[in-house]
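Colleague: Could you take me through one part of this model up close, and then show how other parts look by the same criteria? Please spell out your cut-offs as you go.

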Amino acid sequence: MIETIEIEVGGKLITFETGRVAKQAGGAILATCGGTQVLATSTMGGEPSEPSDFFPLTVDYFEKMYAAGKIPGGFYKREGRPSEGEILGSRLIDRPLRPLFPLQFRRPVQIIVYVLSSDGEVAPEILGVNAASLASLISDEPFTEAVGAVKIGYVNGQIVINPREKDLEEKSSLNLSIAGTKDAPIMIEAGAKEISEDEMIKAMDVAMQEIRKIALVQEEFTKKVGKSKVAVSESVYYDSDIKKELAPTLLTRIKVALSNKEKLTREHALEEIKEEVLKEFAKRYPDKEADVNGIFDSVLKEYIRGQTIEGFRVDGRKPNEIRPISIELGVLHMTHGSALFSRGQTQVLSVVTLGGKGQGQLIESLDEEVVTKRYMHYYNFPPFSVGEVKPMRGPSRREIGHGALAERAIIPVLPSEEEFPYTMRVVSEVLESNGSTSMASTCGSTLALMDAGVPIKKPVAGIAMGLMKEGERFVVLTDIQGAEDHLGDMDFKVTGTSVGITALQMDIKIKGIDLGIIGQALSQARDARMFLLDKMTAAIPSPRPNISPYAPRMYKLHIKADKIGLLIGPGGKTIKSIIGDTGSEINIEPDGQVFITTPDEETGAKIIDKINSLITEPEEGKIYNGVVKEIKDFGAIVQILPNYSGLLHVSQISDKYVKDIRKEVHIGDKVVVKVLKVEGDGKIQLTKKLGTPDRGKDSGR
């Protein structure tokens with residue numbers, strides 16, 4: 001039986017439907033808004049064969065190219081590995097749903113979201129969050145808290161709910177994706193053009209009003225069509241009596257281990273304690289290894305959280321204190337720009353490479369034709385950065401997500417293509433990690449761009465905020481390290497300039513936090529950002545005045561559109577010849593803009609001269625150095641420019657009578673001629689009777 005429910009959000013009608021498609025999934029929702037439709041399914045697997053200490057939730061978001069009436073580009077016409085956009089969409093859906101499954105739930109759950117139809121105006125990933133939440137709610141999974149999601153933009157100074165995608169890109173100073181329960185936000189993702197903290201909170205407040213409406217509609221629909229939920233024990237996964245016996249000894253040893261300020265030493269000490277306790281209690285409590293592990297983690301978590309809420313952090317810092325900062329510039333000799341940024345035991349090397357316009361990344365998406373991305377940021381997290389040994393394969397979802405966040409943070413301050421026509425690629429290599437590597441990447445990227453001579457408008461800094469909350473008591477932490485991220489309730493990353501916010505990302509492990517706490521976190525983050533910007537500008541006050549001598553040189557010309565054919569030549573022969581002879585890159589836009597990327601300035605000057613000679617039109621009265629190309633009885637055909645030849649009539653060769661032109665000029669002769677006239681049909685009349693012209697104005701060849 002097909003069941004539907006509707007809700008209006010931001011002036012657009014959203015319809016949720018179940019019972020028509022994917023009926024064997026645990027829960028399936030077809031969501032429609034305008035011409036955009038997504039199918040979300042949520043299915044639960046069986047009980048794990050062995051005890052597990054994590055919840056195996058998998059979320060996959062796929063944008064089917066047929067949704068926009070497209071056939072995938074390239075040789076292979078089947079959708080293949082997920083694009084970065086699809087991976088980011090998967091993360092966007094995963095992050096608000098994961099914390100709402102019961103802590104002790106261990107059965108696998110797979111959520112799959114297909115974009116089936118796209119009108120280019122509605123954000124399919126936001127529709128996907130709502131549909132995935134409802135699919136999980138109506139399934140037999142122990143998911144009982146509805147999640148709503150919206151996008152918010154500032155268009156022409158006004159808050160707009162779920163604005164058109166085109167308006168978000170072209171007109172909005174904010175692109176905010178926010179998801180939450182009916183009571184509080186649970187996930188935030190934003191890019192912004194230096195907006196204030198107050199504006200951000202205002203936008204979140206408006207969003208939460210809509211999210212509450214969406215969540216209540218989901219609850220209403222679930223009461224009507226939802227399945228019975230499987231039972232999940234909410235009890236702890238260890239023996240409480242054993243904990244009472246172990247806790248005092250564990251706590252004493254844990255305190256000693258935590259007195260180590262160095263991360264790896266501290267972690268090794270904690271592991272030794274766990275191993276010793278396991279050995280001591282192995283005989284007394286056989287088959288209780290899982291209990292001892294659980295008890296150890298519980299005691300450690302309770303102690304660190306309790307101490308932190310009292311104002312005592314693991315490394316002795318105050319709640320709003322930032323770890324020591326170290327900055328080194330130009331650390332790599334042959335690259336175009338580099339910076340080594342360290343914050344405590346987190347260290348990131350960011351490296352800039354500049355390239356020509358044609359080296360941008362080609363992006364194929366549902367709603368746009370193939371576009372070229374001129375700024376790219378890639379984030380790498382090798383296992384040695386945390387003292388581990390693991391196989392290194394392709395970039396993980398986490399690496400792609402962190403790279404996208406740092407990229408989004410910098411975009412608002414990049415120079416326009418007219419100001420700086422280079423393609424810019426930044427790679428951030430995490431060399432050491434103890435929390436907040438994505439924000440160290442943001443700081444490192446800014447510094448590396450400035451070291452490379454990229455004229456960014458303002459430096460951008462980033463900071464990761466944390467939260468420990470027990471009941472009504474809480475503490476907001478500035479610059480969280482690994483343990484505080486792992487054991488805390490919030491990871492809130494904020495980037496911006498001295499003027500305002502450029503990006504933020506919030507994930508929490510509890511069922512929402514109110515806007516008051518978020519406001520405090522933003523205020524604390526602003527203070528930290530100003531501190532970091534002072535450190536960064538002390539190291540490099542402004543972008544270097546010149547790019548690296550190892551970077552290619554970029555030149556931009558503008559030619560008349562009707563001259564493009566002359567530059568390209570028949571079958572591309574002319575432009576290919578220039579590129580092949582000089583080892584350069586030349587990109588020609590339909591409006592006549594020509595971008596030239598060369599290895600050095602001398603080559604660039606030669607190419608510009610060559611192009612100018614190709615497109616220059618002959619002018620009446622101007623003198624040219626020509627070459628005789630053909631002899632006729634009535635005159636000679638003389639090439640005066642690469643694409644222009646004229647007639648040197650026999651009467652214009654000399655003041656004297658010329659009986660036989662072949663005795664006066666020969667094919668291949670170099671002659672100095674003046675343009676007498678350019679006819680309306682393009683024919684050119686030349687003369688060797690120069691009189692006394694101003695030779696300083698000769699164009700030459």
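**Around Arg317**

Modeller: Happy to! Let's start with a pair of atoms: a polar atom of the Arg317 side chain lies 3.0 Å from the backbone oxygen of Asp479. A polar contact here is a pair of N or O atoms within 3.5 Å; within protein, one must be able to donate a hydrogen and the other to accept it, and residues adjacent in sequence count only if both atoms are side-chain atoms. Before going further, please keep in mind that this is a predicted model, in which local features need pLDDT of at least 70 and side-chain atom pairs count only at pLDDT 80 or more, while totals for chains, interfaces and linings use all residues. Residues are numbered from 1 along each chain as its sequence is written, and side-chain values use heavy atoms, with hydrogens and water left out.

The backbone oxygen of Thr478 also sits by the Arg317 side chain, 3.5 Å from a polar atom of it. Arg317 itself belongs to the loop between helix 7 (289-309) and strand 11 (325-329); helices (H or I, at least four residues) and strands (E, at least two) are DSSP runs, numbered from the N terminus. Arg317 counts as buried because its relative accessibility is 5%, where buried means under 20% relative accessible area, exposed over 50% and partly exposed in between, using a 1.4 Å probe and protein chains only.

Asp315 is found in that loop between helix 7 and strand 11 too, and its side chain is joined to that of Arg317 by a polar contact of 2.7 Å. Contact in the broader sense means heavy atoms within 4.5 Å. Setting aside neighbours within four places in sequence, Arg317 is in contact with Gly311, Ile322, Arg323, Thr478, Asp479, Gln481 and Glu484. With those neighbours left out again, Asp315 touches Lys261, Arg323 and Gln481. Arg323 and Gln481 therefore appear in the contact lists of both residues, given contact as heavy atoms within 4.5 Å.

Now to other parts, starting with helix 8. Its 14 residues (397-410) should span 20 Å at 1.5 Å a residue, and its end C-alpha atoms are 20 Å apart, which agrees; the expected span is 1.5 Å times one less than the number of residues. Helix 8 is mostly covered, with 11 of its 14 residues buried; among them are Glu399, His402, Leu405 and Glu407. Leu405 has a relative accessible area of 0%, so it is buried. The C-alpha atoms of Leu405 and Gln505 are 7.7 Å apart, although 100 residues separate them along the chain. Beyond its neighbours within four places, Leu405 contacts Glu189, Ser438, Met439, Lys493, Ala503, Leu504 and Gln505.

Leu504 is also on the list for Met200, which, sequence neighbours within four places aside, is in contact with Leu174, Ala190, Ala192, Ile195, Ile501, Leu504 and Leu522. Together with Leu174 and Phe492, Met200 touches the most other members of the largest nonpolar core, which has 151 residues. Such a core is a set of buried Ala, Val, Leu, Ile, Met, Phe, Trp, Tyr and Cys residues joined through side-chain atoms within 4.5 Å. A second, separate core has 19 residues, including Ile631, Tyr644, Val658 and Val665.

There is also an enclosed space to mention: the structure holds 1 cavity of 30 Å³ or more. A cavity is a set of points, on a 1 Å grid over the protein atoms alone, where a 1.4 Å probe fits but cannot get out, and lining residues have an atom within 4 Å of a point. The volume is about 120 Å³, taken as the space filled by probe spheres set on the points, with grid points joined across faces, edges and corners. Of the 14 lining residues, Cys33, Val122, Ala123, Ile126 and Asn162 lie nearest the centre. Helix 2 gives the largest share of the lining, 3 residues.

Asn162 deserves a last look, in the loop between strand 8 and helix 3 (165-170). Its phi is near 45 degrees, a positive value in a residue other than glycine, and Asn162 counts as buried because its relative accessibility is 16%. Asn156 also has a positive phi, of about 55 degrees, but at 66% relative accessibility Asn156 counts as exposed.

Conventions
On a 1 Å grid over the protein atoms alone, a cavity is a set of points where a 1.4 Å probe fits but cannot get out, and a pocket is an open set with protein on both sides within 12 Å along at least five of seven lines; lining residues have an atom within 4 Å of a point.
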